Amino acid sequence: MPDIKTSVKYLDSNVCVGKRGYIEAGALWRSEDIIKVINDAGISGALVYAGWARNYTPVYGNERLIGELEKAEDLFYGIYAVMPGFLGCAPSPEEVISDIKGKKMAASVMFPKSQTYIPTETLMGEYYSALEKAGILLIVEESEISVSDLDALLTLHPALNVLLVRASWENCENAYALAKKHSNLYFDTSMMENKEVLECAVKNIGSERLVFSSGIPFTSPEKIIGIVEGSDISREEKQLIASGNLIRLCKNALDISL
């Protein structure tokens with residue numbers, strides 16, 4: 001039984017599994033331990049990417065992710081890492097889409113800063129277009145992309161849904177300005193400090209643009225679930241944030257009902 005009482009169904013949009021660069025003693029990284037944390041928190045499912053994809057290479061990480069997904073087939077849904085492949089070091093846009101569909105991945109992710117490239121239209125435009133045409137969600141962490149590059153991506157690919165994760169809410173002007181300009185931009189909850197931040201985001205961005213993420217394994221899910229549960233918003237808005245929006249954004253891959 002879950003340790004937390006919840007009023008709505010939760011799906012986590014951004015969980016890292018597997019080794020990721022330097023790991024401190026006692027840090028979570030093994031799938032078996034992360035599965036226990038997810039189950040104890042009462043989370044019904046999680047989109048997961050491989051730490052190897054960020055700190056080593058996306059190609060290697062995607063290969064390793066398959067084995068991790070098999071450890072929790074009823075809980076884990078894969079996030080496929082993409083990067084430009086002009087030098088033949090990564091799959092072409094067509095190969096990426098074929099691989100995502102063939103391996104039944106739920107979404108895609110990119111790590112431009114970690115992989116030392118600038119995600120311009122010149123480098124990534126064909127990949128953005130392929131994901132856009134296929135209706136595949138793209139996830140990117142705030143620390144991995146500049147505001148100007150994100151703005152350009154959203155402008156040039158208005159049908160590509162982008163989920164910005166681990167965004168800081170201490171200075172929310174950028175988030176609100178980008179959200180007002182781009183209807184294809186979504187934000188996760190993992191860095192929200194309290195329920196007032198969530199309530200303010202619902203007021204200024206809308207519950208239909210917010211997606212639950214607990215920050216596992218970097219933060220504890222209990223805090224974020226508590227913020228959603230304790231916020232002064234309707235149950236319908238909580239359900240949208242907790243899982244409804246993610247199911248809609250990944251409708252081609254997530255066969256989950258509320």
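This passage describes selected local features of a predicted model, from the packing of its helices to its unusual backbone angles and its side-chain pairs. Local features were taken from this predicted model where pLDDT is at least 70, and side-chain atom pairs count only at pLDDT 80 or more, whereas totals for chains, interfaces and linings use all residues. Residues are numbered from 1 along each chain as its sequence is written, and side-chain values use heavy atoms, with hydrogens and water left out.

Helices and strands are DSSP runs numbered from the N terminus (H or I with at least four residues for helices, E with at least two for strands). Residues are described as buried when their relative accessible area is under 20%, as exposed when it is over 50%, and as partly exposed in between, with a 1.4 Å probe and protein chains only.

In helix H4, which spans residues 93-102, the buried residues are Pro93, Val96, Ile97 and Ile100. Because they cover an arc of only 95 degrees around the axis, they are placed on the same side of H4; the arc is that of the directions from the helix axis to the C-beta atoms. On the other side of H4, Glu94, Ser98 and Gly102 are exposed. The buried residues of H4 pack against strand S3 (76-82), S4 and H5, where contact means heavy atoms within 4.5 Å.

The packing of H4 against H5 can be described further. The axes of these two helices, H4 and H5, come within 9 Å and cross at roughly 40 degrees; axes are lines fitted to C-alpha atoms, for helices over the stretch in contact, and angles run from 0 to 180 degrees between N-to-C directions. H4 passes H5 in a right-handed crossing, a term used if the near helix is turned clockwise from the far one by less than a right angle, an anticlockwise turn being left-handed. On the H4 side, Pro93, Val96, Ile97, Ile100 and Lys101 take part, and they meet Glu126, Tyr127, Ala130, Leu131 and Ala134 in H5.

A similar description applies to helix H6 (residues 147-156), in which Asp149, Leu150, Leu153 and Leu154 are buried. These residues lie on the same side of H6 because they cover an arc of only 130 degrees around the axis. What covers the buried residues of H6 includes S4, helix H5 (121-134), strand S5 (138-141), S6, H7 and strand S7 (185-188).

Several backbone angles deserve separate mention. Just after H4, Lys104 takes a positive phi of about 55 degrees, in a residue other than glycine. Lys104 is found in the loop that leads from helix H4 to strand S4 (107-110), and Lys104 is exposed, with a relative accessible area of 71%. Arg166, likewise a residue other than glycine, has a positive phi near 55 degrees, and is located in the loop between strand S6 (162-165) and helix H7 (173-181). The peptide bond from Ile216 to Pro217 is cis, with omega near 5 degrees, and Pro217 belongs to the loop between strand S8 (210-211) and helix H9 (221-230).

Among side-chain arrangements, the structure holds 4 aromatic pairs. One of them is formed by Tyr56 and Tyr60, which are edge-to-face at 6.5 Å centre to centre, with 75 degrees between the planes. Rings of Phe, Tyr and Trp (its six-membered ring) pair if their centres lie within 6.5 Å, and planes under 30 degrees apart count as stacked, over 60 as edge-to-face and the rest as tilted. Tyr56 counts as partly exposed at 44% relative accessibility, and Tyr60 counts as partly exposed at 34%. The charged end of Arg64 sits over the ring of Trp52, 4.1 Å from its centre, while that of Arg209 sits over the ring of Tyr186, 5.9 Å from its centre; this requires NZ of Lys or CZ of Arg to be within 6 Å of the ring centre and within 35 degrees of the ring normal.

Finally, some residues are separated along the chain but can be related in space. Ser114, in the loop between S4 and H5, counts as partly exposed at 33% relative accessibility. The C-alpha atoms of Ser114 and Glu144 are separated by 7.0 Å, although these residues are 30 residues apart along the chain. Leaving aside neighbours within four places in sequence, Ser114 is in contact with Arg54 and Glu144. Asn55, which lies in helix H2 (residues 51-55), is 60 residues from Gln115 in sequence and 7.8 Å from Gln115 in space, C-alpha to C-alpha.
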